[in-house]
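Trainee: Got a minute? I'd like to go through this structure with you.
Mentor: Sure, put it up.

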Amino acid sequence: MFTFQNFDEVFDFDPGCSYDEIAVRKIESNRKKLEGLFMDTLLKNFEIRRRELLQIVAVTYLLLTCAQAVKYYPPKSNSDLRNLHKVIIDSTGQDHHKLSALYYILLDFDAPTGRRDYSTTFEQKSFLPRSYQIYMKGLWHLDNLDFELALQYLTHPSLIPSFADEILEALVLHSSDDLAIPLAYYHTVQPALTSSRATESLFSAIARTSVTEAFYFSRGQSQYMQRHMFEQLIAAVLKNSPPETIADRSVELVNLPLSPEEEAWFEDYLLRGEGRAIRKARDTIMMRRIGTGKFSETLSLKGIGSRSIGGLDWERLSAAVKEGLGPRIDV
């Protein structure tokens, strides 16, 4: 009968095995890039039983901090690996959580071989549930910066979302050029995000891809967060849009179906708030007012750029508006 508490049975392929220097350096490099590994999160959730000698022998329970997780992983020698195994086994966690952590370690040993021999043998011996296998493979690929493959595992329909906030943040942070992966994760898994940081990370990703979708996403937040996100959206469109898309995104922005309250936020942000420093802030207000038929209010705007574009400048445009309004200008 397989006993996972026995180090030599878990690592029966080579009880003297250890991580090589290349593997250690790669793990430490990935930890810096991700600002913490998911393996760290797994380890710090273990409660470690440790005997401490004070005046008498006492048993205490210690929750690993991130710093302690770094101390144990990656193990730099066979002795360190045995200690990590002991830390996991001596924890008060449930057996399937312990098996999952050991499974993750065996995926590390599989990597240089290009096969899954060690982890597959462990699956068969330990009867680790398939959903745990899938989830751990997803986290392992995340920690190895293989986001596309991680996505395939983490969006599996058998999984209940765990660490969704952290996963989404990591995907957004490292998908600056292609946001398809974090958005695919969110739309497929539909996790209930619990942190404002994760929610804002998701919103920033949506705002970079679709003005309209980001607008409706903001409407699903609390009033304070809604206004905050709405202002972020305006800034994202006017300040951070690529040159080839800024015109279309600006038109999409000024044509949003704003409520009276959102209309007030829009003007307040661009005329009196932080957005007033944005280049073309007043031009955007002008576009919105003209687009919504507020011609008289458009004429009251000051500080509109006078640069001619295609032979048309603000002076000529305002003159045309005045002529079109005729006697209604004073109404």
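Mentor: Start with Gln190. Gln190 is partly exposed, because its relative accessible area is 49%. Keep in mind that this is a predicted model.

Trainee: Where does Gln190 sit?

Mentor: In the loop between α11 (180-189) and α12 (196-209). Its backbone deserves a look too. Gln190 is not a glycine, yet its phi is positive, near 50°.

Trainee: What about Lys280, what is its phi?

Mentor: About 75°, positive, and again this residue is not a glycine. Lys280 belongs to the loop between α16 (260-271) and α17 (281-291).

Trainee: And why does Lys280 count as partly exposed?

Mentor: Because its relative accessibility is 30%, and the partly exposed class lies between 20% and 50%.

Trainee: Which peptide bond is cis?

Mentor: The one from Tyr73 to Pro74, with omega near 5°. Pro74 is placed in the loop between α4 (66-72) and α5.

Trainee: Staying with Tyr73, which ring cluster does it join?

Mentor: Ring pairs tie it together with Phe7, Phe11, Phe13, Tyr19, Tyr104, Phe109 and Tyr118.

Trainee: How many aromatic pairs are there in the whole structure?

Mentor: A full search gives 16.

Trainee: Back to α5. Is Ile89 buried or exposed?

Mentor: Buried, because its relative accessibility is 14%, and the cut-off for buried is under 20%. Ile89 is in α5, the helix covering residues 78-89.

Trainee: What does Ile89 contact, leaving aside neighbours within four places in sequence?

Mentor: Phe4, Gln5, Lys98 and Leu102.

Trainee: And how far is Ile89 from Leu99?

Mentor: 9.0 Å, C-alpha to C-alpha, with their positions 10 residues apart in sequence.

Trainee: Let's switch to helix packing. At what angle do α12 and α13 cross?

Mentor: Roughly 150°, and their axes come within 6 Å. The two helices are therefore roughly antiparallel, as that label applies over 145 degrees.

Trainee: Which residues meet there, between α12 and α13?

Mentor: From α12, it's Thr199, Leu202, Phe203, Ile206, Ala207 and Thr209. From α13, it's Val211, Glu213, Ala214, Phe217 and Ser218. By class, that contact has 7 nonpolar, 3 polar and 1 charged residues.

Trainee: Now the next pair. How do the axes of α13 and α14 cross?

Mentor: At roughly 165°, coming within 9 Å. Helix α13 runs over residues 211-218 and α14 over residues 223-240. That angle makes α13 roughly antiparallel to α14.

Trainee: Is the crossing of α13 and α14 left-handed or right-handed?

Mentor: Right-handed.

Trainee: Which residues in α13 and α14 meet?

Mentor: Val211, Ala214, Phe215, Phe217 and Ser218 come from α13. Gln226, Met229, Phe230, Leu233 and Val237 come from α14. The class count for this contact is 8 nonpolar, 2 polar and no charged residues.

Trainee: So which α13 residues turn up in both lists?

Mentor: Val211, Ala214, Phe217 and Ser218 meet α12, and these residues meet α14 as well.

Trainee: Last topic, the chain overall. How many helices and strands are there?

Mentor: The chain has 19 helices and 2 strands.

Trainee: What share of the residues is buried?

Mentor: Buried residues account for 44% of the 331 in the chain.

Trainee: And for contacts between residues at least 6 apart in sequence, how many join residues at least 24 apart?

Mentor: That share is 59%.

Definitions and conventions
Residues numbered from 1 in each chain as written. Predicted model: local features only at pLDDT ≥ 70, side-chain atom pairs only at ≥ 80, totals over all residues. Heavy atoms only, no water. Axes fitted to C-alpha atoms, helices over the stretch in contact; angles between N-to-C directions. Helix = DSSP H or I, 4+ residues; strand = E, 2+ residues; numbered from the N terminus. Parallel < 35°, antiparallel > 145°, perpendicular 65-115°, else oblique. Left-handed = near helix turned anticlockwise from the far one by under 90°. Contact = heavy atoms within 4.5 Å. Nonpolar A, V, L, I, M, F, W, Y, C, P; charged D, E, K, R; others polar. Phe/Tyr/Trp six-rings, centres within 6.5 Å; stacked < 30°, edge-to-face > 60°. Buried < 20%, exposed > 50% of the residue type's maximum accessible area, 1.4 Å probe, protein only.
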